[in-house]
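Please prepare a written account of the fold shown below, with attention to its strands, its nonpolar cores and a few individual residues.

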Amino acid sequence: MDIYKQSTLMIYFLSGNDPYLISLKRRSLQEAFLAQHPDGEVTTYDFEDERSEKEVAHILEESEGGLFGAPKMAIIFQSSLLGQEALEYFFQELALRSIQTEWLLVEPALPKKASPFSKLINTLPHEAVLANT
């Protein structure tokens, strides 16, 4: 299972082949966020159901924290299922909006290195952290 944390933009990427370990690590990151921000809000979305660029824009707007709003964490499942255009839009907007919101991208399996998702996630500067749980 791999986790990529972007140090300045607060983006985490969690994937692996063991759903149980992914669930434990996701819960751990969510609890750490809420411990650090007791007034924080956590929202969860699954791109298995919502894939259009319009739906992506709605999710991004809904997850955005205001200057004086409560800290937010958005957990996004299966963003790799987005089509090429929606995926590009999501990553472009994610980089802009991640200053106000922590993002946790969760994939139920390791994405293939040649996939559009892998190529785009690697365009974001990040620090790789291996989780041995």
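Met73 of strand E4 stands opposite Glu102 in strand E5, in a predicted model where local features need pLDDT of at least 70. E4 and E5 (residues 101–107) run parallel and are joined by 6 bridges, where strands are DSSP runs (E, at least two residues) and helices are DSSP runs as well (H or I, at least four), numbered from the N terminus. Two strands are taken to pair if DSSP finds at least two bridges between them. E4 also pairs with strand E3 (residues 41–46), again in the parallel sense and over 6 bridges, and in that pairing Tyr45 stands opposite Ile76 of E4. E4 itself, which spans residues 72–77, is mostly covered, with 5 of its 6 residues buried; buried here means under 20% relative accessible area, exposed means over 50%, and partly exposed lies in between, for a 1.4 Å probe and protein chains only. In a regular strand the side chains alternate between the two faces of the sheet.

Residues are numbered from 1 along each chain as its sequence is written, and side-chain values use heavy atoms, with hydrogens and water left out. Side-chain atom pairs count only at pLDDT 80 or more, whereas totals for chains, interfaces and linings use all residues.

**The chain as a whole**

The protein chain holds 4 helices and 6 strands, and their order along the sequence follows the pattern β-β-α-β-α-β-α-β-α-β. Of its 133 residues, 40% count as buried. Among contacts (heavy atoms within 4.5 Å) with a separation of 6 or more, 75% come from residues 24 or more positions apart.

**Nonpolar cores**

A nonpolar core is a set of buried Ala, Val, Leu, Ile, Met, Phe, Trp, Tyr and Cys residues joined through side-chain atoms within 4.5 Å. The largest one has 22 residues, of which Val56, Ile76, Phe90, Phe91 and Leu105 touch the most other members. At least two residues of this core come from each of strand E2 (11–15), helix H2 (53–63), E4, helix H3 (84–97), E5 and helix H4 (116–121), and H3 gives the most, with 6 residues. A second, separate core of 9 residues includes Phe33, Met73, Leu104 and Val106. In soluble globular proteins, nonpolar side chains tend to be buried together.

Leu105 has contacts with Ile11, Tyr12, Phe13, Leu14, Ile76, Ser79, Phe90, Phe91, Leu94 and Ile121, when residues up to four places away in sequence are not counted.

**The pair of helices H2 and H3**

The axes of H2 and H3, which are lines fitted to C-alpha atoms over the stretch in contact, come within 9 Å and cross at roughly 15°, with angles running from 0 to 180 degrees between N-to-C directions. H2 is therefore roughly parallel to H3, because angles under 35 degrees count as roughly parallel, those over 145 as roughly antiparallel, those from 65 to 115 as roughly perpendicular and the rest as oblique. Where the two helices meet, Glu53, Val56, Ala57, Leu60 and Glu61 of H2 are in contact with Glu85, Ala86, Tyr89, Phe90, Glu93 and Arg97 of H3.

**Individual residues**

Four positions outside the helices are set side by side here.

| Residue | Place | Relative accessible area |
|---|---|---|
| Ser15 | strand E2 | 1%, buried |
| Gln78 | loop between E4 and H3 | 16%, buried |
| Pro111 | loop between E5 and H4 | 24%, partly exposed |
| Glu64 | loop between H2 and E4 | 35%, partly exposed |

Gln78 has a positive phi of about 60° although it is not a glycine. Most residues other than glycine have a negative phi.

Pro111 touches Phe13, Ser15, Phe117 and Ser118, leaving aside residues up to four places away in sequence. Pro111 and Ser80 are 31 residues apart in sequence, and their C-alpha atoms are 7.7 Å apart in space. Ser15 and Lys25, at 10 residues apart in sequence, have a C-alpha to C-alpha distance of 9.8 Å.

Glu64 touches Lys72, Arg97, Gln100 and Thr101, again without residues up to four places away in sequence. Glu64 and Ala74 are 10 residues apart in sequence and 8.9 Å apart in space, C-alpha to C-alpha.
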